[in-house]
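Biologist: I am new to this structure, and I would like to go through it with you step by step. Could you show it to me before we begin?

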Amino acid sequence: MARLLPILLVLPLAAAQPARFEEHTIATGLRGGYQVVAVDLNHDGKPDLIALASGLPELVWFENPGWERHVIAGGQSRMINCVAVPAAGDAVPEIVLASEFSNNAKQSAGVVRVLHHNGDPRQPWSTREIDRLPASHRLRLLRLDGETVVVNAPLTAADAEPPDYRGHTPLVYYRPGEWKRRLLSDENQGLVHGILIDGADVLTAGFEGIFRFHRAAGRWTRTEIARGDPAPWPKSGSSDIALGRLGGESFLAAIEPWHGNQVAVYRSGRTVIDDSLADGHTILAADFNGDGADEIVAGFRGVPHSVYVYYFDAGKWNRTVLDNGGMAAAACAAADLDADGRPDIVCIGTATQNLKWYRNLPPRP
């Protein structure tokens, strides 16, 4: 594995005391729940929650703290990802939405739209189509040349076919206001499921493994970080990735392979810390117990529909259960929803069709 993650002085870590969480169901009936985004949509200083459900025709948000439901846009089909983009001269962000998605690119129009509020974000927003890129799948924000751009990472090449999904998979971006598609790279091959922004770099995870894209002197270079699961293609590589820290050392955590059963951690090498997931789909890293070391949260959509939290202690990762059977997690996010200074966890479920907030409670006296 190429060592691209900075390794600093590793400080001894105190024994990890797991954080305590209190479960709250915010919404049900979210058919095909797929993505949750924490962002302030009404400019009141509190993070609200956008809930994207692929099986519903409406993109909705829930207003913090009472979690009242509002419709952003109706008439949508097979929504797959969205991102909130700071809007010049406006406290309310714009939303970029990818829809009409299918795992088979030939059946995926990959419609990309910009949504803008009409004065009151609680009322339906205006929509404008800006692109059609087959299999558009992941949208993320990136700071590029001093401005925020939207990266669009399709799942596969436009002519790729299952199960191998061979072909060069594009990675593109849009500058707000202009909204013209620009190519970042087409070097990735095969299915690319995960994307992570690390400063000014873009990391991707797919059948080939994990790669870093770095821009210097106006050019993007692609460097391999890890191969991921060593099984033969198309059971190879990585699916979703997160970046965390243990004291002064950074690490990568990954779901492997695509929709896989493993949680892998990359420090000086690859270590599988769990291989019991069923249809693993989301992973994140954050410090929930305030000990200076990040924990790993991994959720999976298959039975028993659970979310796990892993704590690093005495040289190993210990698993605790955040939700046992009540959350077929397609996506989870970390955000301080109650402004108490501790990051909470929020997850959206596919088979369970729900949105839950796991409130991070104060430590016991």
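Biologist: How far is the sulfur of cysteine 82 from the closest cysteine sulfur?
Modeller: In this predicted model, cysteine 82 is buried, with a relative accessible area of 2%. The closest cysteine sulfur belongs to cysteine 332, and it is too far away for a bond, since a disulfide needs the two sulfur atoms within 2.5 Å. The distance from the sulfur of cysteine 82 to that of cysteine 332 is 15 Å.

Biologist: Which cysteine forms a disulfide with cysteine 332?
Modeller: The count of disulfides comes to 1, and the sulfur atoms of the pair lie 2.1 Å apart. The pair links distant parts of the chain, 15 residues apart, with cysteine 332 in strand β26 and its partner in strand β27. That partner of cysteine 332 is cysteine 347.

Biologist: Is the disulfide of cysteine 332 and cysteine 347 right-handed or left-handed?
Modeller: The handedness follows from the torsion about the S-S bond, which is about 105° for cysteine 332 and cysteine 347. Because of that torsion, the disulfide is right-handed.

Biologist: Are cysteine 332 and cysteine 347 buried or exposed?
Modeller: A residue counts as buried when its relative accessible area is under 20%. The relative accessible area of cysteine 332 is 12%, and that of cysteine 347 is 0%. Cysteine 332 is therefore buried, and cysteine 347 is likewise buried.

Biologist: Which residue of β27 stands opposite cysteine 332?
Modeller: Strand β26 (residues 329-335) pairs with strand β27 (residues 344-349) in the antiparallel sense, over 6 bridges. Within β27, the residue opposite cysteine 332 is cysteine 347.

Biologist: Which strands stand at the edges of the open sheet that contains β27?
Modeller: This open sheet has 4 strands in the order β1-β28-β27-β26, with antiparallel pairing. The twist averages 20° from one strand to the next. Two of the strands each have a single partner strand, so one side of each is left without a neighbour in the sheet, and these edge strands are β1 (20-27) and β26 (329-335).

Biologist: Which residues of strand β12 point the other way from Leu171 and Tyr173?
Modeller: In a regular strand the side chains alternate between the two faces of the sheet. In β12 (residues 171-174), Leu171 and Tyr173 point one way, and all of the side chains named here are buried. Those pointing the other way are Val172 and Tyr174.

Biologist: Which residue of β13 does valine 172 stand opposite?
Modeller: Strand β12 is joined by 3 bridges to the antiparallel strand β11 (residues 147-153), where valine 151 has tyrosine 173 as its bridge partner. Strand β12 also pairs with β13 (residues 182-185) in the antiparallel sense over 3 bridges. In β13, the residue opposite valine 172 is leucine 183.

Biologist: Which side chain does a polar contact of 2.8 Å join to that of aspartate 201?
Modeller: Aspartate 201 lies in strand β15 (residues 201-206) and counts as buried, at 11% relative accessibility. Leaving aside residues up to four places away in sequence, aspartate 201 touches Leu142, Leu196, Arg212, Phe213 and His214. The polar contact of 2.8 Å joins its side chain to that of histidine 214.

Biologist: What is the radius of gyration of the chain?
Modeller: The secondary structure comes to 0 helices and 28 strands. For 365 residues the globule rule gives 21 Å, and the chain's value is close to that, so the chain is as compact as a globular protein of that length. The radius of gyration is 19 Å.

How values were computed
Residues numbered from 1 in each chain as written. Predicted model: local features only at pLDDT ≥ 70, side-chain atom pairs only at ≥ 80, totals over all residues. Heavy atoms only, no water. Buried < 20%, exposed > 50% of the residue type's maximum accessible area, 1.4 Å probe, protein only. Pairing = 2+ DSSP bridges. Polar contact = N/O pair within 3.5 Å; in protein donor to acceptor, adjacent residues only side chain to side chain. Contact = heavy atoms within 4.5 Å. Axes fitted to C-alpha atoms, helices over the stretch in contact; angles between N-to-C directions. Rg over C-alpha atoms; globule rule 2.2 N^0.38 Å.
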